[in-house]
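Please open the model in your viewer and keep the selection panel at hand. The tour goes from one stop to the next, with something to select at each.

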Amino acid sequence: MPRNKKKKKRAKCRSVSRDSNERGLTTLPKNRKGISNAAAAATCPINFDYVTQMPWNTSSCGSIQTAGELQNCGTALTSVLGMGLAQYLRDESRFELPNNASAVACLAAFQQKLTHLALPSNLVHLYFNDTSGFVSSPHLCAGIQTKQDWIDKVGTTKVDTVCKGDLSQAFACNICHDSGDAVHKQLLGLMGNVTEETSLKCYYFACLYAAGVVNDFGPKRREVAACIFRLHFLNKNPSSRSQILMFMGAAIGILLLSSGLGLCYCLWARRNGNAHHRLFVRLNRSLLNGTVKPNTGAAWFNIQDIKVATDNFSAANVIGQGGFGTVYKGTLRDGCQIAVKRIRNCTFEGDSEFINEVEIINSIRHRNLVVLRGFSVASDDIEGRQRFLIYDYMANGSLDEHIFAGGGNHNRAPLMWEQRKNIAIGTAKGLRYLHEGVQPAIYHRDIKATNILLDDFMNACVADFGLARITTEGQSHLTTRIAGTHGYLAPEYALYGQLTDRSDVYSFGVVLLEIMSGRKALDASVESASDYLITDWAWKLVKAEKTTQVIDSRIRESGPRDIMERFVLVGILCSHVMVALRPSMAEALKMLEGEADVSEIRDRPLPLTSHGGDEYGSLVFSTFQSSLGSTPVPSFPLEIVLTG
């Protein structure tokens with residue numbers, strides 16, 4: 001559904017503003033059982049029986065010890081609660097509850113259902129620490145309080161048609177979300193003074209309206225909740241008794257693990273040396289002390305649990321392989337599917353890169369960035385030193401498996417135009433967040449089709465932060481060790497070690513051309529050497545006014561030609577040889593979404609594959625020097641390291 005496009009923060013359907021009592025918000029007084037004392041004073045108009053009847057994934061709320069785990073649980077709880085509020089809107093035509101007493105009663109009733117699932121009795125108090133956000137008020141979003149208010153102020157929009165039917169397919173779900181973006185902007189345009197809180201509330205109202213009013217099946221339909229509220233469900237629907245036993249077993253296991261982990265690990269570390277112990281301590285101190293922001297709640301995984309999840313790293317579970325190691329599909333005891341990145345034959349020197357990836361991924365959270373679930377290290381005489389990164393499993397694999405022709409890519413169906421458009425825009429949003437949504441900015445350095453993963457709904461998630469670098473504001477970054485993938489490296493970075501946000505922009509431009517053409521960044525099968533690089537090939541066609549020929553023949557007739565050509569032009573602009581002529585990711589995103597015209601594409605002095613050597617080096621030298629101003633060009637010898 002609609003997403004708040006503020007520069008540094010982004011709303012989610014399952015996120016609700018949880019501000020402190022400084023604004024006079026009403027908190028929930030608790031009795032010994034963790035239930036509000038005001039619950040008996042009013043009746044809740046929402047039936048929460050669905051909370052215990054639907055197989056939603058409760059694992060994130062089973063044991064909360066860090067702020068990150070609280071946030072993960074809170075987003076899940078908000079999704080579940082949103083289903084009830086959307087049903088209330090469907091039945092009573094009101095977006096919020098009539099008064100504070102009913103809000104208190106509903107939160108207490110919601111907590112009772114959570115307790116019935118053997119979840120902690122204080123979850124509602126921890127996350128929903130006030131009730132004002134659930135009480136009807138003309139100040140919440142453009143004066144909208146009822147369904148009729150929405151009709152009067154917003155009217156009929158695309159949401160009323162595209163969010164109406166079955167949303168189980170990724171294509172239909174993404175179209176519904178896209179239409180919600182426009183509605184969110186329309187709501188914000190109705191208000192003179194837009195605060196972060198009102199923007200979040202309008203976003204929340206749009207979710208409730210789509211699920212509760214528009215959709216034919218209603219908010220309690222599994223596919224509707226999964227799409228609009230991004231609620232995760234288990235594959236099976238265990239009984240309440242089974243769930244209780246499962247959580248009791250998990251609780252006992254956690255207690256036993258926590259009591260024995262220290263002793264077991266000390267014995268293990270003594271046998272295998274102090275190197276892994278230092279790595280273990282550094283990672284966990286970072287997580288506990290806050291140097292790693294606990295937004296994703298990444299946790300230390302026991303190696304035995306990883307082996308069980310992957311069937312002892314069975315070859316049948318291999319879903320990816322490369323120079324870094326192997327990626328396995330796994331299933332945890334709670335039914336959650338994961339992807340395990342196993343890095344073998346590790347060196348001591350690689351510890352810093354491993355910690356770098358853990359710290360970077362764990363410090364960010366965005367819909368279009370991969371979620372890190374945990375990490376681990378291990379060592380034995382047979383496999384040697386190993387490291388593991390555990391992510392949420394992406395059922396649709398990586399982008400390269402879908403866009404390149406040949407039929408050997410896991411038999412993936414070719415992507416249609418709307419899917420390619422959404423993937424391109426999602427990738428751009430993820431990179432914009434890295435460059436501008438966090439401080440200091442983060443440069444990925446290895447944007448390529450294999451590092452863009454696709455979730456159940458074909459949403460793009462940027463992955464693999466092993467080479468990413470956190471910037472130091474105000475400094476130009478020079479390095480003698482260039483890391484990345486040939487074909488995606490910006491020329492000024494590959495030749496002179498200049499690293500800026502425009503380095504990622506160049507790589508994104510290459511990926512965008514791959515998405516639009518179905519052709520790889522490097523194609524050795526072409527007859528002409530000048531067409532070896534996709535950037536040179538596409539550039540020649542665009543300059544010859546044959547932009548349409550860049551577009552994959554499989555999608556040319558499936559969408560608006562002018563929009564497709566615009567995407568090609570943005571790819572050309574982003575992958576321009578001259579650094580100064582590339583847009584920022586924010587500017588590129590606006591062009592893709594049609595909010596800004598595509599900038600004039602100025603000529604390249606030399607193509608990448610022509611003349612070569614000194615002339616091309618002089619070109620990049622000039623680009624490099626002009627972008628640095630008075631900064632002297634480094635005189636160090638270049639050691640270019642290309643990693644796959």
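Which residues line the second largest cavity? Before selecting them, bear in mind that this is a predicted model, and that everything described below is computed from it.

**First stop: a cavity**

Select Ile 46, Phe 48, Leu 81, Leu 85, Leu 97, Ala 103, Cys 106, Leu 107 and Phe 134, and you will have the lining of the second largest cavity on display. Its volume is about 50 Å³, and it belongs to a set of seven cavities of 30 Å³ or more that a search of the whole structure finds. If you now colour by element, helix H2 (67-92) and helix H3 (100-116) are the ones that give two or more residues to this lining, with H3 giving the most, namely three residues. Coloured by class instead, the lining shows nine nonpolar residues, no polar ones and no charged ones.

**Second stop: H17 against H19**

Move next to helix H17 (residues 501-517) and show it together with H19, where the two axes come within 7 Å and cross at roughly 150 degrees. Because of that angle, H17 is roughly antiparallel to H19, and H17 passes H19 in a left-handed crossing. To see the contact itself, select Val 505, Tyr 506, Phe 508, Gly 509, Leu 512, Leu 513 and Met 516 on the H17 side, which meet Met 564, Phe 567, Val 568, Val 570, Gly 571, Ile 572 and Cys 574 on the H19 side. Sorted by class, the residues of this contact comprise twelve nonpolar, two polar and no charged.

**Third stop: H18 against H19**

Keep helix H19 (residues 561-574) in view and add helix H18 (residues 534-543), which packs with it at an angle of about 125 degrees, the axes being 10 Å apart. H18 and H19 are therefore oblique to each other, and H18, too, passes H19 in a left-handed crossing. Here Ala 538, Trp 539 and Val 542 in H18 meet Val 568, Leu 569 and Ile 572 in H19. By class, the contact of H18 with H19 consists of six nonpolar residues, without any polar or charged ones. Val 568 and Ile 572 deserve a label at this point, since they appear in the contact of H19 with H18 and also in the contact of H19 with H17.

**Last stop: H17 against H20**

Finally, return to H17 and add helix H20 (residues 585-592); the two pack at an angle of about 30 degrees, with their axes 10 Å apart. That angle makes H17 roughly parallel to H20. Select Arg 502, Val 505, Phe 508 and Leu 512 of H17 along with Met 585, Glu 587 and Leu 592 of H20, and the contact is displayed. Its residues divide into five nonpolar, no polar and two charged. Val 505, Phe 508 and Leu 512 are listed in this contact of H17 with H20 and in the contact of H17 with H19 as well.

Definitions and conventions:
Residues are numbered from 1 along each chain as its sequence is written. This is a predicted model: local features need pLDDT of at least 70, side-chain atom pairs count only at pLDDT 80 or more; totals for chains, interfaces and linings use all residues. Side-chain values use heavy atoms; hydrogens and water are left out. Axes are lines fitted to C-alpha atoms, for helices over the stretch in contact, and angles run from 0 to 180 degrees between N-to-C directions. Helices (H or I, at least four residues) and strands (E, at least two) are DSSP runs, numbered from the N terminus. Angles under 35 degrees count as roughly parallel, over 145 as roughly antiparallel, 65 to 115 as roughly perpendicular and the rest as oblique. A crossing is left-handed if the near helix is turned anticlockwise from the far one by less than a right angle, and right-handed if clockwise. Contact means heavy atoms within 4.5 Å. Ala, Val, Leu, Ile, Met, Phe, Trp, Tyr, Cys and Pro count as nonpolar, Asp, Glu, Lys and Arg as charged, and the others, Gly among them, as polar. On a 1 Å grid over the protein atoms alone, a cavity is a set of points where a 1.4 Å probe fits but cannot get out, and a pocket is an open set with protein on both sides within 12 Å along at least five of seven lines; lining residues have an atom within 4 Å of a point. Grid points are joined across faces, edges and corners, and a volume is the space filled by probe spheres set on the points.
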